[in-house]
Structures are given as structure tokens and as C-alpha cells.
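Thanks for passing this one along; here are my notes, point by point. Please have the viewer open as you read.

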Amino acid sequence: MRQNFMGVVVGTAMQKTVKVRVMSQKIHPIVRKTYKSYKNYLVHDEGSSCKLGDVVRIEACRPLSARKHFTVAEIVAASKVWDHSPKKADS
């Protein structure tokens with residue numbers, strides 16, 4: 001079984017690579033209060049199909065570069081962020 005995480009795409013500036021933020025909840029050992037911890041992973045996206053804000057499932061693979069050890073397994077939910085790209089106006 002490969003290592004799996006769910007996260008949100010927070011960066012798409014690279015080619016075939018996205019930055020995914022994974023959240024985990026931990027319990028403080030003394031105070032016994034839960035807190036959120038975040039970690040960013042560089043993830044291989046072969047088709048460059050992920051957009052900012054997409055919720056994705058990532059899974060471990062062989063090392064693809066010095067910092068890239070995960071691939072996008074599936075896009076769970078598309079982003080609800082407004083697209084800033086200009087559209088062509090019909091004349």
C-alpha cells in the first residue's frame with residue numbers, strides 16, 4: 001500500500017509540478033489540545049491539469065527529483081476560485 005495524502009493545490013508556477021499543502025491534526029503532549037499542522041509537498045502533475053485551489057489525492061512514487069516524491073493520483077474536487085484569465089469577446 002502506497003502512502004496517500006489529501007491536500008489543496010497552493011502553487012502551479014512550475015512545469016508538470018504543483019505544490020500541495022497537506023493538513024494534519026496533532027495533539028499537544030502536555031496541554032492535550034488538538035492543533036493543525038501543515039506541510040507542503042512538491043507533486044508531479046504529468047498533464048498539468050491541476051489548478052489553484054483543487055483538492056487532490058497524492059500518492060508516493062519513486063524519487064522523480066531531489067524534492068519530488070509524490071504524484072497526483074486524482075483530483076477530488078475542482079477549485080471554486082474565480083478564473084482570472086481574460087476571455088475572448090465575441091464581436
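**Notes on strands, core and loops**

1. E2 and E3 run antiparallel to each other and are paired over eleven bridges; strands here are DSSP runs of at least two residues, numbered from the N terminus, and two of them pair if DSSP finds at least two bridges between them. One point before going further: this is a predicted model, where local features need pLDDT of at least 70 and side-chain atom pairs count only at pLDDT 80 or more, while totals for chains, interfaces and linings use all residues. Residues are numbered from 1 along each chain as its sequence is written, and side-chain values use heavy atoms, leaving out hydrogens and water.

2. E2 and E3 make a hairpin with six residues between them. Within that turn, arginine 32 has a positive phi of about 65 degrees.

3. Leucine 42 is a handy residue to click on. Leucine 42, in E3, is the bridge partner of lysine 19, and it also stands opposite lysine 68 in E5. E3 and E5 pair in the parallel sense, over three bridges.

4. Which residues make up the largest nonpolar core? Its twelve members are Val9, Val18, Val20, Val22, Tyr41, Val43, Cys50, Val56, Ile58, Ala60, Phe70 and Val72. Strand E2 (17–27), E3, E4 and strand E5 (68–77) each supply at least two of these residues. A core of this kind is a set of buried Ala, Val, Leu, Ile, Met, Phe, Trp, Tyr and Cys residues joined through side-chain atoms within 4.5 Å.

5. Aspartate 45 deserves a look. It sits in the loop between strand E3 (34–44) and strand E4 (55–60). Aspartate 45 is buried (under 20% relative accessible area, with a 1.4 Å probe and protein chains only), yet it has no salt bridge (a side-chain nitrogen of Lys or Arg within 4 Å of a carboxyl oxygen of Asp or Glu). The nearest side chain of opposite charge, lysine 68, is 9.5 Å away. A polar atom of the aspartate 45 side chain does lie 3.0 Å from the backbone nitrogen of serine 49.

6. Two loop residues have unusual backbone angles, given that most residues other than glycine have a negative phi. Lysine 16, in the loop between strand E1 (4–14) and E2, has a positive phi of about 60 degrees. Serine 48, in the loop between E3 and E4, has a positive phi of about 50 degrees. Lysine 16 is partly exposed at 38% relative accessibility, and serine 48 is partly exposed at 47%; exposed would mean over 50%.

Note on methods:
Helix = DSSP H or I, 4+ residues; strand = E, 2+ residues; numbered from the N terminus. Lys, Arg positive; Asp, Glu negative; His and termini not counted. Polar contact = N/O pair within 3.5 Å; in protein donor to acceptor, adjacent residues only side chain to side chain.
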